[in-house]
Amino acid sequence: MKLGPSEYPRDEARLHELETSILSRDQKVQSADKVMATVFWDAKVVILLDIMPQDHCINAAQYCSILERLRDAIRRKRPGLLRRGVVLQGDNATPHSANLTQQWLQRYGWEILPHPAHSPAPAPSDFYLFGPLKRHL
């Protein structure tokens with residue numbers, strides 16, 4: 001049996017209070033609690049979630065390290081996928097398009113789907129992540 005929000009008025013009020021607190025804190029303290037998450041998933045499962053420590057910036061070498069961990073995670077979670085080929089959908093961030101990253105991708109035969117340069121729109125795959133993610137914040 002699923003209970004609706006009206007059956008838990010105190011929980012709903014607490015959730016609203018928490019959301020309001022988070023929003024007002026974020027507006028006052030810009031990026032103090034922000035971290036960067038890099039998420040790789042396919043139609044079946046999240047393959048890798050990498051959290052960059054606070055106050056760190058990602059560069060091409062770090063991104064290639066993440067790709068190595070992704071390769072290991074694919075081998076564990078989706079056996080056979082590496083043989084069929086890996087296609088990534090990303091954006092045009094500098095670490096993604098750097099020569100070092102391009103060499104890494106070529107070495108393993110991975111493909112990057114293009115994303116329009118300077119596009120204000122998120123990558124199409126982001127629609128499948130950000131919507132559900134927002135519901136849990």
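A search of the whole structure finds three salt bridges. A salt bridge here is a side-chain nitrogen of Lys or Arg within 4 Å of a carboxyl oxygen of Asp or Glu. The model is predicted: local features need pLDDT of at least 70, side-chain atom pairs count only at pLDDT 80 or more, and totals for chains, interfaces and linings use all residues. Numbering starts from 1 along each chain as its sequence is written, and side-chain values use heavy atoms, with hydrogens and water left out.

**Stop 1: the salt bridges**

Select D42 and R78. Their side chains meet in a salt bridge, 2.0 Å from N to O. D42 sits in the loop between strand 1 and strand 2, and R78 in the loop between helix 2 and helix 3 (81-84), so the pair ties together parts 36 residues apart in sequence. Helices (H or I, at least four residues) and strands (E, at least two) are DSSP runs, numbered from the N terminus. R78 counts as buried, at 16% relative accessibility. Buried means under 20% relative accessible area, exposed over 50%, and partly exposed in between, using a 1.4 Å probe and protein chains only.

Next, select R69 and D50. The closest N and O atoms of this salt bridge are 2.5 Å apart. R69 belongs to helix 2 and D50 to strand 2, so this pair ties together parts that are 19 residues apart in sequence. R69 is partly exposed at 35% relative accessibility. D50 is buried, with a relative accessible area of 11%.

Now pick D72 and R75. Their salt bridge has its closest N and O atoms 3.1 Å apart. Both residues lie in helix 2, three residues apart, about one turn of the helix. D72 is partly exposed at 34%, and R75 is partly exposed at 42%.

**Stop 2: R71**

Stay in helix 2 (residues 60-77) and select R71. What is the nearest side chain of opposite charge to R71? E68, 4.4 Å away; R71 is buried yet has no salt bridge. For charge, Lys and Arg count as positive and Asp and Glu as negative, while His and the chain ends are not counted. Show the surroundings of R71: leaving aside neighbours within four places in sequence, R71 is in contact with L82, W104, Y108 and W110. Contact means heavy atoms within 4.5 Å.

**Stop 3: helix 5**

From W104, extend the selection to helix 5 (residues 99-108), where T101, W104 and L105 are buried. These residues cover an arc of only 95° around the axis, which puts them on the same side of helix 5. The arc is taken from the directions from the helix axis to the C-beta atoms. On the other side, N99, Q106 and R107 are exposed. What covers the buried residues of helix 5 includes helix 2, strand 3 (87-89), helix 4 (94-97) and strand 4 (111-113). Step past the helix end to G109, whose phi is positive, near 70°.

**Stop 4: the hairpin**

Select strand 1 (residues 36-41) and strand 2 (residues 46-52). They run antiparallel, joined by six bridges. Two strands pair if DSSP finds at least two bridges between them. The two form a hairpin with four residues between them. Look across from V39: L49 in strand 2 stands opposite.

**Stop 5: the cysteines**

Select C57 and C64. C57 is exposed, at 66% relative accessibility. C64 is buried, with a relative accessible area of 8%. How many disulfides does the rule count? Zero. A disulfide is a pair of cysteine sulfur atoms within 2.5 Å.
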